[in-house]
Each structure stands twice: as C-alpha cells, then as structure tokens.
Amino acid sequence: MKNWIEHKYIKKNTIEGRRYQQNLAVNVLKKGNTMIIAPTAMGKTVVAALVSAERLKNYENSKILILAPSKPLTLQHEKSFENFLEADVVSLTGNDKPSDRQQLWQENQVICATPQTVESDIISRLYDFSDVSLIIFDECHHAVGSYSYVYLAQKYIQQAQNQLILGLTASPGWEKKKIKEVSHNIYVNEIIIKTEDDPDVAPYFNLIETKWIKVKLTPELQEVKKLIEETLKIRLQNLKKLGIIDSIAKPSKKEILVEQSRLQQKIASSSMPKKEYFTGISLLTEVINILHSKELLETQTLKTLNNYFKKLEKKKTKASRSLKNDYKFNKAVMLVRKYLDNGEDHPKIKRLIELLNQILKENPDNKVIVFSQFRDTTKSIYEYCQENNIKALRFYGQASHENDKGLSQKKQIETIDAFKNENYNVLISTSVAEEGIDIPSVDYVILYEPVPSEIRMIQRKGRTGRKHQGEMFILMTKGTLDESYYWSSQRKERAMKSNIIDSYRNDKITLENYVADNEEVTPYKQEYTSSDDAEAVVYVDYREKNSNMMRELDKIKCEIHVKNMGVGDYQITDDIIIERKTVEDFSKSITDKRLYQQAKELASNCERPLMIIEGENIYHTFLHPNAIRGALAAIAIDFKIPIIQTQNETDTAFMIKRIALRHQDKDSRKNISVRSQTKPVTLPQQQLFITESLPGVGPVSAKNLLNHFKTVKNLVNANKKELKEVEGIGEKTASGIIDVTQREFKE
C-alpha cells in the first residue's frame, strides 16, 4: 500500500511518499538556493511541488514561478502542478496577449511560463517578482550566455522579498567552467547530486541496460565513400597550395569553419582583397558540403543523403556549381541514386527495422522511441516502418523545412497523446523529445546514431526504465564519426560526474566565492553611471522582443513599450524612428534586397529616420567590401538616412537612450504617436518595388528601366537586346530578367 504525502497545499493521494524526494525537498528549504542534478524520471518535478507547497504555507500570499524552456514543457508543468497542488495554477506563453498575462499573473498563485515571455513582461513592467517566494528553473543547464534564465535570476535577486531559487537538470554539462557558470548564473549556493546508485534511490529506480549494435558499410557504400574522399582530397590540396591550410589530414567541420572565418576577416581588413581569398572561401564551402555528404553517407540513410544532394543541386553558388561539375562527386551521386532505385540502403536502417520487428514480435504492446538528429532521417525511418507494417509516428520541431512542414505545438501534443493512448508502438523523434516533454515511459530507446553531447545522451537514456527495467540500443557504423561521437559522449559523461562530485560534494559553494572561483562570470549590476539616471521612453517593435536589446535598455533605466510597429525597430519621438541591423543581418538584407525596401519605407514614413548598424567590423561578412560600400552609400545618399555604427547591443542601447534624452521632454514622452502601419504605397512605389524584385536590379537600375520602358508590362515583354540598351543593365542581369519574366513556371 502506498504512503501518500499529506500537506495543506498538496491534493490527497497525488504524491507518493518517497524518502529521497522528501529529503531533497527538506534540503532545499533548509539550505537555500539549490541545484538538483538527477537523471530523467527520478521525480524532480515532484520535489519542486513539495518545495512549492511548503513555500505557499510559509508565505501564504506569495507566488511560485516555474520556468521551462519550451511551450509544451510549460503546459506539461501546468498540468502536473494543477494535479499536485491545492492552488490556482496557470500557464503564460507568448500566445496570450500582454494584458491577459498581466491579469493571469495577478489572479493566480502558481505560474508556469516560458522564460522569454516572462522576460518581456518584466521589462515591460506588466508585473514584478516582489511577491515570488520560489522561482524554479527547469532544465537549468540553459542558464548560460545571454539565455533568459540568466537575466531573470538577476532580476529575481533584485526584486523578490522572500527569495528561494531551485534549479533542476539531468546534467549541467561536463566542463568545470560550464558547471560553475550555470550555478553562478542562477545564484545557487548548494548543489545536490542524486544518481540511480544512491541507496535511497535504488528501490525506485529500474536498471537500464545499454547495448551497442555495430554495422559495417557495404562494399557499394565504401565505393561511394572513396569517391567522396577523393573529391575532398583535391579541394584540400588546392587550399594547401593557396596557403590557406597547412595539412590535408582529416579536417573537421569546425576547423574548416574557423579557416573560413579567418579568411573573411582578411577580406574585411583589406581595401583590395586578393582574388585568392574569395577562391579560398568558395573552396572551403565546397569542403563543408563534402564533409557533410560524407557524414550522411557513413551515419544516416541513403534517402537522407540523396535529399541533401538535391538541395545542393538547387543552389546557385560557385561552390555548388563546382561540385555539380566534378566527375567523381557526380559519380557518387549517381551511384547513391542507383542503389536507392535497386531498393538498397544503409545497413543501419536495415538493422533498425529488424530490431523493431524483433521487439514487437516479443510483445506487440512494447513501446519504443527511436532518436535521430536529422529530420530527413526520421522521415526515412518512418517510411520504412510503414513499408514493414510497424505502427509509428514522427515527432519533430515547429520549424518548416523544404517539403516537410513543421509540427505546430498543437500537433506535437496530439502526436504524444496518440502515442500514449492509441495503438502506436514506435515514436521516431529528433532531439525535440529529449528534454522534459511528457512522453510516456517506454520499454526501449534506440539511438540511430550516437551524439557527442553527454547531456543529450543522459536525457535520451532517461526515456526508458521508468516503470520497469529498460533497454537502450545504440546503432554505430564501424570506423566512422559514429564511433567518435559515442566515445566523446562517454568521456564527457564521466568527466561531468567527476567534476561535479570533486568540485561540489566536498566544497560548499557560496555566493561570496563565485567571483574568486570564476572571474569570467560577474554578478549582476546596473551598468549606467549617475549621469544616465534620467529615464527615457523607448517604443520597441514586438519582433525585437526576443533579442537582448530590451534587456540592455532595461538595465540602463529605459521605460520600454512593446508595440506592433509598421516601420522600423525603435521609435523615440514622433519623427525619429530607428532601424537596427547587426552586421550579419545588414549583409543578408543586401543579398535578399530587403535593405532597400526597408530604407525606402523608413525614409517615406518619418522625417528623421536613422539606421544603426551593430557590430565591430561591417566588412567581416561573406560579401565583397564594395557591395557593403555601395549599400552604405545608397542608404546615406539615395535615401538620406544617417547611419550610426555601434560595437554591440550594450553600445546600441546606450546610443538609443542618449538620442532619446536629447530629443524627449516630459510631455513628448507621454504623447508619442507610434507608427503601427506604413503610409499608403503610391503607384510609382509599387512599380519600383516590382522592378527591384527582379534579379540584379537595385534602386538606380529600377528607375532607369522604368524611365526607359515607361510601364512594367513593356519591361517584362522586352527581349535581351532591348534590356541591354538600358544604362547599368549587362548580359547577366538581362538574362536573369528574361529567366524570371518569360520562362514557364515549373514547381
């Protein structure tokens, strides 16, 4: 008979009395801010509920805030805490209107939310943390860098009257530096580690057996691998001749990306970059494409590899054209397609289907999760399951890929419910199912490939063994990246356990010794001086709310209002609207022609437009410096928009505040008319917009074309010779216009 927890704020017969969970809760309440590191399925949510109940009892009018990194996980927590606690529980996500979130916050005691949503609301001053007696950071290993957890922990320490912080994770990472950064960033002074080997846990924890299944590449795939490696060798030799790399021995993608970045810096720092630099950039791009092809061949399915080949064929870059024209690479592509046509594939996929059939033959009710890091591979596995009458479902993220629409939050929940309650045996998932989401306990976990991350390996393993002994199978191709990734994750997991135990079980961490232990991480402080104490009002477009800019503006005492702005990113007076672009976004907006349209809208919708370009080196991009110079000249001269360059987000925030303080007075702050939509577009503007959308046509060329042909109709009906008569239109641009306007559309 179960021993149920009895408590004023815990619903009857909902939480079983497990001694180790009760001890964990008592430790948190006694010792203060705590991080609990425990495997998935050990009941960290139950511990959080026990601590929450006691805080509500001790501070009856207080609130509990549970933060989780995703909407599905937030909704799952709402369901769990609603089930456990005698209190009003609600979830806040970006789907709710700000005014609704403010009301929900005021009316409920237990709030489950995504950190980005709460950060936006705290900055917008919809509510504060003054009456929050417990803040829970679920999956707290995210609390690094500029993630919202870091900022929210800082604000909580500043605002809350009765403070208690609880961090929950299966793994904070394997490096000592990362462990310290996480613990510092959420202000914990106690770390508790629980493992399945602990005596008080063992009675409740089922053994999980790990088995490795090793396969070899077939002779046919070895032939394809050889062709790809020969293609790679030629590029590496050319790079060595150019003096870009020193050795052609087995480079990693990471090393190649470092070299690419180094070359881009050289191009950026030179007024007349050498032709060899651009050749090198193109060759390095080819190398990245070849290395990725090799990885897919060795570790995934031929269908996944063929899909990648198709994407390469659609690209029109110099690097993709070079690969298309390479005899050996082309032969590899043709062989892969030939093998697929003959019904052949990677030995791993065949072994996986055999294993699934064997598991389901033993017990038709068995439940299995198959993990793969590539969405295309999950699709291939799903297709093979259908061919073999295995009842399977796919589970993946919300982003849409080419020919593969993302799963909405609603669809994700429906998929999990179907796997729980309907007659499905196999869930095929990307990394989306690793973290926290309420997927039922399964009998088997199968990794289609090992992953080099110890956090992800631990989370995947924790999906089995909850109710009875579980098994995890790891598929590996011998002599490939699979083996490297597996040993990397094993090494990191051992290092993580060792570093946590060595650093924290014996040495108590206090807030006072954080900085001494780790000088890179500094406590939260306001970074403005007394001269900046005056408050400015800044209207921010809602699309900027997920950037760090709102956080930076909040730090320097700006009153922030998030609005749906029709033009620009920030508005500080009726006639001053600012468009902010990072160096990377500035370059991208040149190539996709957003820049000129945005500049045009900015110039035509306010009297004093301004563009801020953020980043230390505007030329440190994939574009030729002359393309950057041309764009800067067009903005400043053609559109008459002043340009200010800032170093980083902090510098941008100070600049926006400084401009606001110069041009705002008390009355103007209250009565700013925010541009929620652009001015009506005139007919000439529409004609120019259509013309500028043609390949190779900028603002000047568009005017020249329309002045020459008089109408858009005459322009699209013109032949190549007639187009080339217009100033600034050469052979390449004329051909591009003809292709877009006169070739038959084929999907």
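**Strands, helices and hollows in a predicted model**

Me: In E13, which residue is the bridge partner of Ile446?
Reply: The bridge partner of Ile446 in E13 is Phe473. Strands here are DSSP runs of E with at least two residues, and helices are DSSP runs of H or I with at least four, both numbered from the N terminus.

Me: Before we go on, what kind of model is this?
Reply: This is a predicted model, in which local features need pLDDT of at least 70 and side-chain atom pairs count only at pLDDT 80 or more, while totals for chains, interfaces and linings use all residues. Residues are numbered from 1 along each chain as its sequence is written, and side-chain values use heavy atoms, with hydrogens and water left out.

Me: Back to E12 and E13, in what sense do they pair?
Reply: Strand E12, residues 444-447, pairs with E13 in the parallel sense over 4 bridges; two strands are said to pair if DSSP finds at least two bridges between them.

Me: And is E13 itself enclosed or open?
Reply: All 8 of the 8 residues of E13, residues 470-477, are buried, so the strand is largely enclosed by the rest of the structure. Buried means under 20% relative accessible area, exposed means over 50%, and partly exposed lies in between, with a 1.4 Å probe and protein chains only. Both faces are covered, with Gly470, Met472, Ile474 and Met476 buried on one side and Glu471, Phe473, Leu475 and Thr477 buried on the other.

Me: How many helices and strands does the protein have?
Reply: The protein has 30 helices and 19 strands, and buried residues make up 52% of its 747 residues.

Me: OK, pockets next. What is the volume of the second largest one?
Reply: The second largest pocket has a volume of about 630 Å³. Of its 19 lining residues, Lys250, Pro251, Leu291, Lys294 and Leu481 are the closest to its centre. Helices H8 (219-241), H10 (275-299) and H18 (481-505) are the elements that each give two or more residues to the lining, and the largest share, 5 residues, comes from H8.

Me: How do you decide what a pocket is?
Reply: On a 1 Å grid over the protein atoms alone, a pocket is an open set of points with protein on both sides within 12 Å along at least five of seven lines, whereas a cavity is a set of points where a 1.4 Å probe fits but cannot get out, and lining residues have an atom within 4 Å of a point. Grid points are joined across faces, edges and corners, and a volume is the space filled by probe spheres set on the points.

Me: What classes do the residues of that pocket lining divide into?
Reply: They divide into 7 nonpolar, 4 polar and 8 charged, where Ala, Val, Leu, Ile, Met, Phe, Trp, Tyr, Cys and Pro count as nonpolar, Asp, Glu, Lys and Arg as charged, and the others, Gly among them, as polar.

Me: How many cavities are there of 30 Å³ or more?
Reply: The count comes to 2 cavities of that size, and about 80 Å³ of space lies in the largest. The lining of the largest cavity includes Phe309, Leu312, Phe329 and Asn330, and the elements that give two or more residues to this lining are helices H11 (302-314), H12 (318-324) and H13 (327-341).

Me: How many residues has H11, and what do its buried ones pack against?
Reply: H11 has 13 residues and reaches 19 Å from its first C-alpha to its last, close to the 18 Å expected at 1.5 Å a residue; the expected span is 1.5 Å times one less than the number of residues. Its buried residues, among them Tyr308, Phe309 and Leu312, pack against H8, H10, H12, H13 and helix H15 (375-387).

Me: And where is Ser282 found?
Reply: Ser282 is found in helix H10 and counts as buried at 9% relative accessibility. Leaving aside neighbours within four places in sequence, Ser282 is in contact, meaning heavy atoms within 4.5 Å, with Lys318 and Ala319.

Me: Last topic, which strands are the edge strands of the open sheet?
Reply: The open sheet of 6 strands has the order E15-E14-E16-E17-E18-E19, with mixed pairing, and the edge strands are E15 (558-563) and E19 (643-646), each of which pairs on one side only. E18, residues 608-614, runs parallel to E19 and is joined to it by 4 bridges, with Ile613 standing opposite Gln645 in E19.
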